[in-house]
Amino acid sequence: MKKVFITGGTGTVGKAFISKYYKKFKFYSYSRNEKFQVGLKRLFPRIEIIIGGVENLNLLSNEISKINPDIIIHAAALKHVDTAEKQPSQAVLTNVIGSYNIVQSAINSRVSLVVGISTDKACNADNIYGQTKYIMEKLFLEANSPSLKFVCCRFGNVAWSNGSVIPFWLTRKSNNEELLLTDKKMSRLMFSQEEAADLIKKCIDSSENEGGFVLSKKMKTVNMYEMAKMISENIKITGLRPGEKLIEDLISNKELPFTFVDGEYIFLRNEVNKNIKTRLKEKLSSDNAVEMNETEMKLLIDNVSEIISSKLIDQKNY
């Protein structure tokens, strides 16, 4: 059984991957939040938990060296756009320096594969959070070699992630409060926790031959106003916050020559794809992707609602 060292394993994406592949890998969760780590251990008793932050190179490198994992999944990050805008120093410390520390620790311990979790905000990045994730992608691609493979997953919006909008709206509705929405024209590429876990697994499987890529997939787009109306008619339009955009790109026009399409999956590499037929034909964004229908949106909302209910039960039993 391969050993997986995962940073940010207590977060939504990390926990989703652990849950789905708990029996396939031996997991080591590295996170600075003791409460969440203990909660993770209670859910998954075979996990080994280590308290620490990616900003601490000595501690991180020492723990990775002791465990000698086969795979590192780097999911730890400061993820909130508005927080990063207000405190760019903290975003750089965690998302850039922390990622660089992962690279150095992996190289020192000769880890076979490192998977970085990125975001659509790294594409055409014009906010601090997106810029730090874009740098992380570049750090990983630079570090890639035939013996030490570095790859990244580029996600859209995971429906139930820390600070995401659907649970925020559901909570406000339960408190009889109005739903806060930036703009009626705002759209986002969205997918589920299970799809996020599967994309990480696809990333791992695809690295068997070679690394040095950023992997994404074709996702459906959601008009956020239409989704909000499915939860409540009591909606307040607030306007753009610092660093926020109405539309998110997943693959930009300038990245198209570097794309390699395999079914629903899109690989971004450092070299130009000379086979034009296997390139993505146009940019992929929340403005031109296939729209999620009403049934799919309802399923996404219901799934988040169930997760909130189960989480509240977990907290009561903590």
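Which strands does helix 6 lie across, and at what angle does helix 6 run to strand 5? I'll start there. This is a predicted model, so please hear everything that follows as a description of that model. Helix 6, residues 128–143, lies across strand 4 (71–74), strand 5 (113–119), strand 6 and strand 10. Its direction is at about 155° to strand 5.

Now the sheet under that helix. There are nine strands in an open sheet, in the order 3-2-1-4-5-6-10-15-14, and the pairing is mixed. The edges are strand 3, at 48–51, and strand 14, at 259–262; each has a single partner strand, so one side of each has no neighbour in the sheet. From one strand to the next the twist averages 20°.

Let me walk through the middle of that order. Strand 4 pairs with strand 5 in the parallel sense, over four bridges. Here His-74 is opposite Gly-116 of strand 5. Strand 5 in turn pairs with strand 6, again in the parallel sense, this time over seven bridges. Gly-116 is opposite Cys-152 of strand 6. The chain gets from strand 5 to strand 6 by way of helix 6, and this β-α-β crossover is right-handed. Next along, strand 6, residues 149–155, runs parallel to strand 10, residues 213–217, with three bridges joining them. Cys-152 appears again here, with Val-214 as its bridge partner in strand 10.

A second helix belongs in this picture. Helix 8, residues 193–206, packs on the sheet and touches strands 4, 5, 6, 10, 14 and 15, the last being 265–269. The direction of helix 8 makes about 155° with that of strand 6.

Is strand 5 mostly covered or mostly open? Mostly covered: seven of its seven residues are buried. On one side these are Leu-113, Val-115, Ile-117 and Thr-119. On the other side they are Val-114, Gly-116 and Ser-118. Both faces of the strand are therefore covered.

Back to helix 6 itself. Helix 6 has 16 residues and reaches 23 Å from first C-alpha to last, close to the 22 Å expected at 1.5 Å a residue. Its buried residues are Tyr-129, Gly-130, Thr-132, Lys-133, Met-136, Glu-137, Leu-139, Phe-140, Leu-141 and Ala-143. Note that Lys-133 and Glu-137 are in that list. What covers these buried residues includes strands 4, 5, 6 and 10, together with helix 4 (81–86) and helix 5.

That brings in helix 5, residues 88–109. With 22 residues at 1.5 Å each, helix 5 should span 32 Å, and its end C-alpha atoms are 30 Å apart, which agrees. Where does helix 5 bend? At Gly-98, by about 25°. Gly-98 is also one of the buried residues of helix 5, which include Ala-91, Val-96, Ile-102 and Val-103. Polar side chains are on the list too, among them Thr-94, Asn-95, Ser-99 and Asn-101. After the helix comes Arg-110, with a positive phi near 50°.

There is a second sheet. This one is open, has three strands in the order 7-9-11, and is of mixed pairing. Strand 7 (157–158) and strand 11 (220–223) are the edge strands, each pairing on one side only. Strands 9 and 11 run antiparallel and are joined by four bridges. Met-190 is opposite Lys-220 of strand 11. Helix 8 turns up here as well: it lies across strand 7 and strand 9, at about 70° to strand 9.

Two single residues to finish. Ser-192 is in the loop between strand 9 (187–191) and helix 8. With a relative accessible area of 17%, Ser-192 is buried, the cut-off being under 20%. Leaving out residues up to four places away in sequence, Ser-192 touches Val-158 and Leu-300.

The other is Ile-301, in helix 10, residues 294–316. Ile-301 is buried too, at a relative accessible area of 7%. Which residues is Ile-301 in contact with, neighbours within four places in sequence aside? They are Ile-166, Leu-170, Met-227, Met-230 and Ile-231. As for Ala-143 of helix 6, Ile-301 is 158 residues away from Ala-143 in sequence and 39 Å away in space, C-alpha to C-alpha.

Conventions:
Residues are numbered from 1 along each chain as its sequence is written. This is a predicted model: local features need pLDDT of at least 70, side-chain atom pairs count only at pLDDT 80 or more; totals for chains, interfaces and linings use all residues. Side-chain values use heavy atoms; hydrogens and water are left out. Two strands pair if DSSP finds at least two bridges between them. Helices (H or I, at least four residues) and strands (E, at least two) are DSSP runs, numbered from the N terminus. Axes are lines fitted to C-alpha atoms, for helices over the stretch in contact, and angles run from 0 to 180 degrees between N-to-C directions. Contact means heavy atoms within 4.5 Å. Buried means under 20% relative accessible area, exposed over 50%, partly exposed in between (1.4 Å probe, protein chains only). A crossover is right-handed if, with the strands pointing away from the viewer, the path from the first strand over the helix to the second runs clockwise. The expected span of a helix is 1.5 Å times one less than its number of residues. The bend at a residue is the angle between axes fitted to the seven residues ending there and the seven starting there.
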